[in-house]
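Trainee: I should like to request a close look at a single part of this protein, its nonpolar core, together with the parts around it. Please set out the account in one connected answer.

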Amino acid sequence: MTPAFHLPCRVLLLGSGELGKEVTICLKRYGVYVIAVDAYPVAPAMQVADEYAVLDMSDDDELFALLDRVKPDLVVPEVEAIATDALAKFEATHQDTRIVPNAFAVQATMDRNRIRGLAASLDGVVTSQFRFASSADDIREALNHTGLPAFIKPTMSSSGHGQSRITSEEQVDEAWNAAQEGARSQTGEVIVEEEVRFDCEITLLTVRWWNGESIETSYCSPIGHRQVNGDYVESWQPAAISPLALERCQAMAKLVTDALASNGASPALGLFGVEFFIKGDDVWFSELSPRPHDTGMTTMVSQAQSEFELHVRAILGLPVDTTLRTPGASAVIKSTKPLKHPEYLGVAEALSKADGVRIFGKPVTRAGRRVGVVLASGASSDLALERANRGADAITLVEATSLPGENN
């Protein structure tokens, strides 16, 4: 299978959130026909796609039937809650369709059991101490290996859902229950992780792309980020880490992404968000997503090509450029209360303080939901982050008194 595609082609996007929306916009610039899929209608990417479908993507039969009906050139996952066995089955029986980056990589990275086990098996990749547990009693046993404090996480989740930090065995039952309730998909397992006392955590956006003759691996400047309860609230680029730490991050990212490629049925082109813990020159591999990363939204203001443009170019077999243009930062906009039809106030003020505002177009049904992001550049990452947060603080959400298209 040649890594380059004839344009236009057809893309089935599995997951239609804010990251998928930006991917769709980039795909449309190359004339690609996009069918956006999610579990609810009018999701952000559906608003800019050519077609959309609403279904339970974690249902093998439903997903395989959709794949068989659409017969896309590319299948581009954007979320974790996908029936990955259906993707593997379709990849094996439809060689004209490429799963991005490949079905094995999607299966491995959607499940912490697989990706952590794969990474830990590679010479040269360092991880924290960890164990998998199938019950609260198993967690107690695992703590003999990881020690306390420890993190308890579902093996399939995102944005910190179901994650707990425990400091005593008395908290185990509560952590087990939280992991079951917060999991994207029930696997019956959790991961128990040693707490690493790190200076910072970064995302290293890693791109596998076709240069016309062979596959290359390129890296963006490291992105620092801050999380609250496992959910990112701000990010900045470049993150200040030592040259040796960066070299170690790049080496580990290549080892893991090469392993995902070598086990799959296609060349595994695309962008990977690889997360690391950093302490001085020491580096620990944390997680990996085979697609654009939420912390990487800062690249929309900081890089010559954003993470979304890089992902699209790579999967289409086009050349990429990971050049950092300017230090930049992002700060999220969150809803403070449940709203059915949010109205955004203060956007003009935000733009007077920062460089860009992206409103995702999500229906807001709960407090704390991420609904937008403010982007800013600066002479340094710190100054860019300060500008981004000032812009985000200027925006508030209220219930709309009228909807677009309605008469006031």
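Mentor: The account below begins with the whole chain, turns to the core, and then follows the surrounding parts.

The model is a predicted one. The secondary structure comes to 12 helices and 20 strands. The C-alpha trace spans about 65 × 50 × 40 Å along its principal axes. The radius of gyration is 21 Å, which agrees with the value near 22 Å that a compact globule of 408 residues would have. Of the 408 residues, 57% count as buried, and the accessible surface comes to about 16700 Å², with 47% of that surface belonging to carbon and sulfur atoms. Among contacts with a separation of 6 or more, 65% are between residues 24 or more positions apart.

The protein is divided into domain 1 (1-99), domain 2 (129-194) and domain 3 (328-399). The centres of domain 2 and domain 3, taken over C-alpha atoms, are separated by 32 Å.

The largest nonpolar core has 30 residues, and the members that touch the most others are Leu27, Leu74, Met297 and Leu316. Two or more residues are given to this core by each of strand S1 (10-14), helix H1 (18-28), strand S2 (33-38), strand S4 (74-77), strand S13 (231-237), helix H9 (299-302), helix H10 (307-315) and strand S19 (370-377). Helix H1 supplies the largest share, 4 residues. At least three residues of this core are drawn from each of domain 1 (1-99) and domain 3 (328-399).

Met297 shows how such a member is surrounded. With neighbours within four places in sequence left aside, Met297 is in contact with Leu19, Tyr232, Glu307, Phe308, Phe360, Val373 and Leu375. Apart from this core lies another, of 26 residues, with Ile115, Ala239, Ala245 and Ile278 among them.

Helix H1 also leads to a set of annotated positions. An unreviewed UniProt entry lists Glu18, Leu19, Glu78, Asp294, Lys362, Arg369 and Arg370 under "binding site". Leu19, one of these listed positions, is also among the contacts of Met297. Glu18 is found in helix H1. Its relative accessible area is 7%, so Glu18 counts as buried. Not counting residues up to four places away in sequence, Glu18 touches Pro44, Glu78, Phe360, Lys362 and Arg370. Of these partners, Glu78, Lys362 and Arg370 are themselves on the UniProt list.

Arg369 is found in the loop between strand S18 (356-359) and S19. Because its relative accessibility is 15%, Arg369 also counts as buried, the cut-off being under 20%. Outside its neighbours within four places in sequence, the contacts of Arg369 are Tyr40, Ile333, Lys334, Ser335, Lys362, Pro363 and Val364. Lys362 is thus a contact of Glu18 and a contact of Arg369.

Strand S4, one of the contributors to the largest core, also has H4 packed against it. Helix H4 (residues 103-110) is mostly covered, with 7 of its 8 residues buried. The buried residues are Ala103, Ala105, Val106, Gln107, Ala108, Thr109 and Met110. They pack against S4, helix H3 (84-93), S5, helix H5 (112-120), helix H8 (243-262) and strand S15 (282-289). Arg98 lies in strand S5 (residues 98-99), and at 3% relative accessibility Arg98 counts as buried. Arg98 and Val75 are 23 residues apart in sequence, yet their C-alpha atoms are 6.3 Å apart in space.

Some backbone details remain. Most residues other than glycine have a negative phi, and most peptide bonds are trans. Against that background, the peptide bond from Gln237 to Pro238 is cis, with omega near 5°, and Pro238 lies in the loop between S13 and H8. The peptide bond from Leu148 to Pro149 is likewise cis, with omega near -5°. Pro149 lies in the loop between helix H6 (136-146) and strand S7 (150-154).

Val42 and Ala268 have positive phi values although neither is a glycine, about 55° for Val42 and about 60° for Ala268. Val42 lies in the loop between S2 and strand S3 (51-54), and with a relative accessible area of 52% Val42 is exposed. Ala268, found in the loop between H8 and strand S14 (270-279), counts as buried at 0% relative accessibility.

Technical notes
Residues are numbered from 1 along each chain as its sequence is written. This is a predicted model: local features need pLDDT of at least 70, side-chain atom pairs count only at pLDDT 80 or more; totals for chains, interfaces and linings use all residues. Side-chain values use heavy atoms; hydrogens and water are left out. A nonpolar core is a set of buried Ala, Val, Leu, Ile, Met, Phe, Trp, Tyr and Cys residues joined through side-chain atoms within 4.5 Å. Buried means under 20% relative accessible area, exposed over 50%, partly exposed in between (1.4 Å probe, protein chains only). Domain bounds come from an automatic or database domain assignment. Contact means heavy atoms within 4.5 Å. The radius of gyration is taken over C-alpha atoms; the globule rule is 2.2 Å times the number of residues to the power 0.38. Accessible areas come from the Shrake-Rupley method with a 1.4 Å probe; for residues, only the protein chains shown count as cover. UniProt positions are given in the numbering used here, feature names are shortened, and annotations may be inferred rather than shown by experiment.
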